[in-house]
Amino acid sequence: MASSLMDVITGACDASMTKANPRRRREPVYWWTAEIADLRRSCLRARRLFQRSRGWQDEEAHSANYTSARRLLRAAIRTSKRRCWRQLCDEVDSDIWGKPYRIAMSRLRCPQTRRPGSPLLVRGAVVALFPRVPSGPAFQLP
């Protein structure tokens, strides 16, 4: 009976937990856009030019250019985060296992579970793990 219970537990765990894949690339954050990527690229270029121009005549111009590029990048990130957060809050009611669930689990650094594949498998796991207890007193008092 113990080995059959362990088989059921192992089957339930295999069905509900994903396997680790070391080659998998990390996905970009949910608020990342192509516009932010372009602004980041221009901000990095402005920073490199500013760092290389230290001590030269055009240092102030490059400094102002870098400051404005950084300000634009931060503003774009801030607005994108706000907009995407509102979308996630609206989406969580319609799809429980969707993008909001994956983001929350990644922030908690927990293994993510997949949506149960078949109701029969879930029902079998629940019956095996939580057997029905007959109603009535568990033991008779003398």
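Guide: Before we begin, a residue is called buried when its relative accessible area is under 20%, exposed when that area is over 50%, and partly exposed in between. Please keep in mind as well that the structure above is a predicted model.

Visitor: Is Arg71 buried or exposed?
Guide: Arg71 is found in helix H3, which covers residues 59–91, and Arg71 also belongs to a positive surface patch together with Arg70, Arg74, Arg78, Arg82 and Arg86. Its relative accessible area is 56%, and because the limit for this class is over 50%, Arg71 counts as exposed.

Visitor: Which helix gives the largest share of the nonpolar patch?
Guide: The nonpolar patch on the surface is made of Leu5, Val122, Val126, Leu129 and Phe130, which together have about 430 Å² of accessible area. One of these residues, Phe130, sits in the segment after H5, and with a relative accessible area of 61% Phe130 is exposed. The largest share of the patch, 3 residues, comes from the helix spanning residues 119–129, namely H5.

Visitor: What is the pattern of the protein chain, read along the sequence?
Guide: The protein chain has 142 residues, of which 17% count as buried. It holds 5 helices and 0 strands, so that, with helices and strands numbered from the N terminus, the pattern read along the sequence is α-α-α-α-α.

Visitor: Which residue forms a salt bridge with Asp38?
Guide: Side chains of opposite charge can pair when their charged atoms come close. A search of the whole structure finds 1 salt bridge, and its closest N and O atoms are 2.8 Å apart, which is within the 4 Å that the definition allows. The two partners are 3 residues apart in helix H2 (residues 34–52), and are therefore separated by about one helical turn. Asp38 is partly exposed at 44% relative accessibility, while its partner, with a relative accessible area of 53%, is exposed: that partner is Arg41.

Visitor: How many disulfides does the count come to?
Guide: A disulfide is a covalent bond between the sulfur atoms of two cysteines. Among the cysteines, Cys13 counts as partly exposed at 30% relative accessibility, whereas Cys84 is buried, with a relative accessible area of 7%. A pair is counted when its sulfur atoms lie within 2.5 Å, and by this rule the number of disulfides is 0.

How values were computed: Residues are numbered from 1 along each chain as its sequence is written. This is a predicted model: local features need pLDDT of at least 70, side-chain atom pairs count only at pLDDT 80 or more; totals for chains, interfaces and linings use all residues. Side-chain values use heavy atoms; hydrogens and water are left out. Patches are made of residues with over 30% relative accessible area and no salt bridge: like charges are joined within 9 Å, nonpolar side chains (Val, Leu, Ile, Met, Phe, Trp, Tyr) within 5 Å. Accessible areas come from the Shrake-Rupley method with a 1.4 Å probe; for residues, only the protein chains shown count as cover. A salt bridge is a side-chain nitrogen of Lys or Arg within 4 Å of a carboxyl oxygen of Asp or Glu. Lys and Arg count as positive and Asp and Glu as negative; His and the chain ends are not counted. The place of a charge is taken as NZ of Lys, CZ of Arg, CG of Asp or CD of Glu. Helices (H or I, at least four residues) and strands (E, at least two) are DSSP runs, numbered from the N terminus. Buried means under 20% relative accessible area, exposed over 50%, partly exposed in between (1.4 Å probe, protein chains only).
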